[in-house]
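Hi everyone, thanks for coming. Let's take a look at today's structure together.

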Amino acid sequence: MTDATPTPPAGSAVGGASLGGASAASARKQPSRGDGGLAARLRVTLLRTSRRLRAERSNAVSEAQGAVLGGLFNLGPQSPSALAEREHVSAPTMTRTIQTLMDLGMVTKAAHPGDKRQVVVSLTEAGEQHIIATRRRRDQWLSRRLASLTPAERQTLSDAEEIMRRIYTQ
């Protein structure tokens with residue numbers, strides 16, 4: 001039995017070449033929308049930084065479970081449907097997430113105070129401590145990196161943070 005690889009049709013994408021014949025590397029280097037590539041560079045840098053910060057969490061919960069805990073920490077008790085909508089997942093997916101967090105002792109469910117047909121999900125002390133500890137680890141990781149910067153670089157980042165906040169709140 002041979003392991004023959006079929007020859008692709010002319011003009012198809014092969015080994016990093018795009019359909020137009022330009023390599024994937026040269027396509028990545030092209031500026032986007034006249035901003036000199038700033039949008040692409042910011043996107044990559046923000047995603048990599050975010051990924052690295054997310055790594056500074058306990059392995060006790062998944063990223064999705066951590067997002068639910070964070071939402072409850074920030075917004076207070078929520079209905080399962082509100083949590084599902086906030087996290088852009090289906091109701092059955094959120095039900096499984098809530099059940100797992102209940103099994104871990106991080107959330108509880110109780111009857112809705114105004115409508116006994118509904119339930120609300122709340123953080124337990126363990127869930128709250130998980131969020132506090134995770135945020136502390138992430139802040140410490142970032143603080144160690146900021147400490148190596150000059151005062152002028154830290155001021156530049158502070159200015160950039162204000163601009164980035166304006167961008168994502170538009």
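What pattern does the protein chain follow when read along the sequence? Going from start to end, we get α-α-α-α-α-β-β-α-α. Counted up, that comes to 7 helices and 2 strands. Please keep in mind that this is a predicted model.

Now some overall numbers. The protein chain has 170 residues, and 18% of them are buried. About 12,200 Å² of the chain is exposed, with carbon and sulfur atoms supplying 56% of that area. And if you take the contacts with a separation of 6 or more, 48% of them join residues 24 or more positions apart.

Let's zoom in on helix α2, which covers residues 38-54. Leu 38 lies in this helix, and together with Leu 42 and Leu 46, Leu 38 makes a nonpolar surface patch of about 230 Å². Is Leu 38 buried, partly exposed or exposed? Its relative accessibility is 40%, and partly exposed is the class between 20% and 50%, so Leu 38 counts as partly exposed.

Helix α2 also has a packing partner: helix α6, residues 125-147. Their axes are 9 Å apart, and the angle between the two helices is about 130 degrees. What do we call that arrangement of α2 and α6? Roughly antiparallel would take an angle over 145 degrees, and roughly perpendicular runs from 65 to 115; α2 and α6 are therefore oblique to each other.

And which residues meet there? From α2 we have Arg 52, Leu 53 and Arg 54, and they meet Arg 138, Trp 141 and Leu 142 from α6. Do find them in the 3D view, and thanks for listening!

Conventions:
Residues numbered from 1 in each chain as written. Predicted model: local features only at pLDDT ≥ 70, side-chain atom pairs only at ≥ 80, totals over all residues. Heavy atoms only, no water. Helix = DSSP H or I, 4+ residues; strand = E, 2+ residues; numbered from the N terminus. Buried < 20%, exposed > 50% of the residue type's maximum accessible area, 1.4 Å probe, protein only. Contact = heavy atoms within 4.5 Å. Areas by Shrake-Rupley, 256 points an atom, 1.4 Å probe, with all protein chains shown as cover. Patch = residues over 30% accessible without salt bridge, like charges linked within 9 Å, V, L, I, M, F, W, Y side chains within 5 Å. Salt bridge = Lys/Arg side-chain N within 4 Å of Asp/Glu carboxyl O. Axes fitted to C-alpha atoms, helices over the stretch in contact; angles between N-to-C directions. Parallel < 35°, antiparallel > 145°, perpendicular 65-115°, else oblique.
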